[in-house]
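Open the model in your viewer and keep the sequence panel visible. The tour moves from one selection to the next and says what is there at each stop.

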Amino acid sequence: MTTTKKCMSDRLFTCEPETSLQEVARTMWDKDCGFVPVVSHDTNELVGVVTDRDICMAAWTKGRTLDQISAGAIMSRGAHACSEDDDLKAVHELMREHQVRRLPVVDAKRRPVGVVSMNDLAEQALDKQERPALAEIGRTLGEVSRHRLPALVGHS
């Protein structure tokens, strides 16, 4: 059984709900990442996530500058996460079910310890060169990429 710990990245950058989107965007730019877990300032527990797309949509819809919008105002709450001991099949299933490309990896107290992404899973599958692992990543990518809103189908 291959676990999340074997393919996750421990390069992790977090922010707190009060952090401005300007700071979050700067972190994403400086650290070359498109996803930042949001943690509680007192317990460091995962409370949400912010993606680069979330920041773009907030900038477009809120009518305010990024330094005036907090991560907590736009974060996806109740973020889905996995543990270091989860089997990669469970990770694929979570990504498919919730159509996410990245999952925070958390400890027993829901404190982030890493991130597992589609890229990590693809690299793992390519390294193994096993047909089932390659098929699994293809299936996950297809499910994650599926349009959620019927109105978007056919539009570019």
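**Stop 1: the sheet with mixed pairing**

Select β4 and β5: these two strands run parallel and are joined by two bridges. The coordinates come from a predicted model. For one bridge, pick Ser83, whose partner in β5 is Val106.

Now add β6 (112–117). β5 and β6 pair in the antiparallel sense, over five bridges. Select Arg102 to find one bridge; its partner in β6 is Ser117. β5 and β6 form a hairpin with five residues between them. In that turn, click on Arg110, which has a positive phi of about 60°.

With the three strands shown together, the sheet is open and has the order β4-β5-β6, with mixed pairing. Which strands stand at the edges? They are β4 and β6; each has a single partner strand, so one side of each is left without a neighbour in the sheet. In general, strands of a sheet pair through backbone hydrogen bonds, either parallel or antiparallel.

Is β5 enclosed or open to the outside? Four of its five residues are buried, so β5 is largely enclosed by the rest of the structure.

**Stop 2: the helix across this sheet**

Select residues 88–98, which make up helix α4. α4 lies across β4, β5 and β6 and runs at about 130° to β5. Show the side chains of Leu88, Val91, His92, Leu94, Met95 and Arg96, which are buried. The buried residues of α4 pack against β4, β5 and β6, and also against α5 (118–128) and α6 (131–145). As background, an α-helix has 3.6 residues a turn, so residues three or four places apart point the same way.

Next, look at the two ends of α4. Asp87 caps the N-terminal end: one of its side-chain oxygens lies 2.9 Å from the backbone nitrogen of Lys89. Just after α4 comes Gln99, with a positive phi of about 50°.

**Stop 3: Thr4 and two cysteines**

Go to Thr4, in the segment before α1 (21–31). Is Thr4 buried or exposed? Its relative accessibility is 0%, so Thr4 counts as buried. Leaving aside neighbours within four places in sequence, Thr4 is in contact with Cys82, Ser83, Glu84, Asp86, Leu88, Val91, Val105 and Val116.

From that list, select Cys82, and then add Cys7. How many disulfides does the structure hold? The count is zero. Cys7 is in no disulfide, and the nearest cysteine sulfur, that of Cys82, is 8.5 Å away. Seen from Cys82, the sulfur of Cys7 is the closest cysteine sulfur, and 8.5 Å is too far for a bond. For reference, a disulfide is a covalent bond between the sulfur atoms of two cysteines. Cys7 counts as buried because its relative accessibility is 8%. Cys82 is buried as well, with a relative accessible area of 2%.

**Stop 4: the antiparallel sheet**

Select β1, β2 and β3. They form an open sheet of three strands in the order β1-β2-β3, with antiparallel pairing. β1 (35–39) and β3 (76–77) stand at the edges; each has a single partner strand, so one side of each is left without a neighbour in the sheet. Strand β2 (residues 46–51) pairs with β3 over two bridges. One place to check is Val49, whose bridge partner in β3 is Ser76.

Add the helices that pack on this sheet. α1 touches β1 and β2, and its direction makes about 70° with that of β2. Helix α2 (residues 52–62) touches β2 and β3, and its direction also makes about 70° with that of β2.

**Stop 5: a loop residue**

Select Leu66, in the loop between α2 and α3 (71–74). With a relative accessible area of 24%, Leu66 is partly exposed. Apart from neighbours within four places in sequence, Leu66 is in contact with Ser20, Leu21, Gln22, Ala25, Ile55 and Ala59. For a distance across the model, pick Leu66 and Ala122: they are 56 residues apart in sequence and 33 Å apart in space, C-alpha to C-alpha.

**Last stop: confidence**

Colour the chain by pLDDT. The mean for the protein chain is 90, and 95% of its residues reach 70 or more. Where is confidence lowest, and where is it highest? It is lowest in α6, at a mean of 85, and highest in α1, at 97. As a rule, where pLDDT is low, the predicted coordinates should not be read in detail.

Conventions:
Residues are numbered from 1 along each chain as its sequence is written. This is a predicted model: local features need pLDDT of at least 70, side-chain atom pairs count only at pLDDT 80 or more; totals for chains, interfaces and linings use all residues. Side-chain values use heavy atoms; hydrogens and water are left out. Buried means under 20% relative accessible area, exposed over 50%, partly exposed in between (1.4 Å probe, protein chains only). Contact means heavy atoms within 4.5 Å. A disulfide is a pair of cysteine sulfur atoms within 2.5 Å. A polar contact is a pair of N or O atoms within 3.5 Å; within protein, one must be able to donate a hydrogen and the other to accept it, and residues adjacent in sequence count only if both atoms are side-chain atoms. Two strands pair if DSSP finds at least two bridges between them. Axes are lines fitted to C-alpha atoms, for helices over the stretch in contact, and angles run from 0 to 180 degrees between N-to-C directions. pLDDT is the predictor's confidence in each residue, from 0 to 100.
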